[in-house]
Amino acid sequence: MKITILTLFPEMFSALHASILGRAERSGKLDLEVLDIRDYTEDKHKKCDDYPFGGGAGMVMTPQPVGSAVEAADPAHRARRIYLSPKGRTLTQQRVMELAEEEHLVLLCGHYEGVDQRAIDLFIDEEISIGDYVLTGGELPAMVLADCVARYLDGVLSPGSLVQESFSEGLLEYPHYTRPVEYRGMEVPEVLRSGNHAEIDRWRREQSLRITERQRPDLLKGEKA
Ligand code: 9WO
């Protein structure tokens, strides 16, 4: 899969080349491209923002550099073009799995007060929010989306991880323990050291249900959020 990120702050994305995503990139499963929107401005001073019509605080990203950057990233319009915005539909694991089937994602990151609406109307297929809060820009949400999607690319995670996730049926995860058996007076639950895998599965499922009931009862009622 190819993911192209369009941003005025390309240096923020050095973090993405590290960790599991970096491994996916080096193995050729993920082609991560970061384009600087400023490289596409036709303004002689390289300006990419201007004052909002109608007044108000802050600056708005002008449509020309955004439009030209999208067209450079995806000239044949084969990509799914996404704008990260608090106005979008909230991202879910279901949507992440669907997006992982795409050949090419173009992620547009707004900054300042946002992007001129005409660039969104003309060049964007879908707006996605990662949650109900406002940040200073869409860059962190774009990284979140890229990370979630990359987990589903073949060979990025160990085969067991996603299988386990699908068996968890939308419940929260049970607690994990590793060595030592005793830490600051607290012991690893006996059942996990018993070697009885039927008992272990039963204990983990019970824990998952308990944690979900306490933290996210909406998930048990089959609600979205
Ligand atoms: C600012 C603002 C102030 C008062 C009331 C509503 C408001 N919305 C915004 C706003 O959307 N600012 C944006 C900053 C402009 C575009 C990029 N920015 C952004 C994207 N902040 N937060 C996101 C974002 C994207 C996806 N998921 C969660 C948050």
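**Salt bridges and strand pairing in a two-domain model**

With a relative accessibility of 14%, Glu126 counts as buried, because the cut-off for that class is under 20%. In this predicted model, Glu126 is the salt-bridge partner of Arg95, and their closest N and O atoms are 2.9 Å apart. The pair ties together distant parts of the chain: Arg95 belongs to helix H3 (residues 93-99) and Glu126 to strand E7 (residues 126-129), 31 residues apart. Arg95 and Glu126 also take part in a network of salt bridges that includes Arg80 and Glu98. The structure holds 12 salt bridges.

A second group of charged residues invites a look at Arg193. This side chain forms a salt bridge with Glu187, the closest N and O atoms lying 3.3 Å apart, and another with Glu190, where the corresponding separation is 3.6 Å. Arg193 is partly exposed, at 36% relative accessible area. Its partners Glu187, at 52%, and Glu190, at 56%, are exposed because each value is over 50%.

Turning to the overall layout, the protein is divided into domain 1 (2-150) and domain 2 (164-219). The C-alpha centres of domain 1 and domain 2 are 37 Å apart.

Strand pairing offers a further point of interest. Strands E1 (residues 2-7) and E2 (residues 31-36) run parallel and are joined by six bridges; for Thr4, the bridge partner in E2 is Glu33. Between E1 and E2 the chain passes through helix H1 (residues 19-26), giving a β-α-β crossover that is right-handed.

How values were computed. Residues are numbered from 1 along each chain as its sequence is written. This is a predicted model: local features need pLDDT of at least 70, side-chain atom pairs count only at pLDDT 80 or more; totals for chains, interfaces and linings use all residues. Side-chain values use heavy atoms; hydrogens and water are left out. Domain bounds come from an automatic or database domain assignment. Two strands pair if DSSP finds at least two bridges between them. Helices (H or I, at least four residues) and strands (E, at least two) are DSSP runs, numbered from the N terminus. A crossover is right-handed if, with the strands pointing away from the viewer, the path from the first strand over the helix to the second runs clockwise. A salt bridge is a side-chain nitrogen of Lys or Arg within 4 Å of a carboxyl oxygen of Asp or Glu. Buried means under 20% relative accessible area, exposed over 50%, partly exposed in between (1.4 Å probe, protein chains only).
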